[in-house]
Amino acid sequence: MFPTPSRTDAAGRFDWLSATLLLGAVLLCYYLVPLLSLFVAQSPATVLRRLSDPVVVSAATTSLAASTVSAAVATVFGLPLAYWLARAEGRAATLVTAVVVLPLVLPPIVSGMVLLTVVGPGTVLGSLGASVGVPLTRSLAGVVLAQTFVASPFVVVTAKSAFEGVDRSLEHASRSLGKSRLSTVRRVTLPMAWPGVVAGITLAFARSMGEFGATIMLAYYPRTMPVQIWVSFSTLGLENAFPVAVVLLGVAVATLVALNALGTNPLE
């Protein structure tokens, strides 16, 4: 039989748990208080009235359109890469994974600088885009390029984890029945990994909506919501930046709700 914990051990464990909760509560308050203050700083009527401002509507429309395109691009190109990484082994896979994760750890402003060396006005791609009427900076295309660079790794990393969680024996069984690899991926792998894939797409969309550093380097215009927040704050003060900030906070909350509904924790 296992020894029964003494009352002293139980009390010590209770005290230790209480201490950890108390210390953690300080950090939780640091998270929650600023978020709650955003809602109480101005009345809902004032926020709603300012949300109808044409400038705010334009920024929200730009962010929504660009983020949708960025998430779609990340999905089309990111899922095949995620599948390859989930099934490949060796140094090549390790190196490719490092390259995929790099945009996540780069400061966003540095990401914008890096992109300017490739698609800026004086580059080959930038000049080519401008010559065909599709400028790659100070345009919606520039917004999409910036968002895709910083947000697409979420699709790859999260989908990779989801693909790795699929039982390989089910794929082997499908192949043994004469199905091609593409058919197996479409009929077996993707349906089983779908919650994780959708979680990655959702995270990429939310990250795109909140992207600021790389976007302001590539495309100050048209203004996205984060850029509009910065402009409103720097020119008119903090209060005028509240409405757009509330929208972005709503997007963040909606993302958490969606991930919870999917039952997926992308950090695991």
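## Salt bridges, cores and a surface patch

The side chains of E171 and R168 form a salt bridge, with an N to O distance of 3.6 Å. Please keep in mind that this is a predicted model. Both residues belong to helix α8 (residues 168-176), where they sit three residues apart, about one turn of the helix. The two partners differ in burial: E171 counts as buried because its relative accessibility is 6%, under the 20% cut-off, whereas R168, at 36%, counts as partly exposed.

A search of the whole structure finds four salt bridges. Three of them are set out here, with their N to O distances.

| Acidic residue | Basic residue | N to O distance |
|---|---|---|
| E164 | K160 | 2.8 Å |
| E171 | R168 | 3.6 Å |
| E211 | R207 | 3.0 Å |

Let us take the E211 pair next. E211 is buried, with a relative accessible area of 1%, while its partner R207 is partly exposed at 25%. Shared partners also link salt bridges into one network, made of R87, R168 and E171.

The E164 pair lies in helix α7, where E164 and K160 are four residues apart, about one turn of the helix. Here E164 is partly exposed, because its relative accessible area of 42% falls between the 20% and 50% limits. As a general point, side chains of opposite charge can pair when their charged atoms come close.

Now to the nonpolar interior. The largest nonpolar core holds 19 residues, and A159, F163, A193 and V197 have the most contacts inside it. Four helices each supply at least two residues of this core: α3 (54-87), α4 (91-105), α7 (140-164) and α9 (181-209). Leaving aside residues up to four places away in sequence, A159 touches L79, A82, F154 and V197. There is also a second, separate core of eight residues, with M225, V244, L248 and V251 among them. In soluble globular proteins, nonpolar side chains tend to be buried together.

Which residues make the nonpolar patch of about 750 Å² on the surface? They are L27, L28, Y30, Y31, L32, L35 and L36. One of them, L27, is placed in helix α1 (residues 7-40). L27 counts as partly exposed because its relative accessibility is 42%, which lies between the 20% and 50% limits.

Terms used:
Residues are numbered from 1 along each chain as its sequence is written. This is a predicted model: local features need pLDDT of at least 70, side-chain atom pairs count only at pLDDT 80 or more; totals for chains, interfaces and linings use all residues. Side-chain values use heavy atoms; hydrogens and water are left out. Patches are made of residues with over 30% relative accessible area and no salt bridge: like charges are joined within 9 Å, nonpolar side chains (Val, Leu, Ile, Met, Phe, Trp, Tyr) within 5 Å. Accessible areas come from the Shrake-Rupley method with a 1.4 Å probe; for residues, only the protein chains shown count as cover. Buried means under 20% relative accessible area, exposed over 50%, partly exposed in between (1.4 Å probe, protein chains only). A nonpolar core is a set of buried Ala, Val, Leu, Ile, Met, Phe, Trp, Tyr and Cys residues joined through side-chain atoms within 4.5 Å. Contact means heavy atoms within 4.5 Å.
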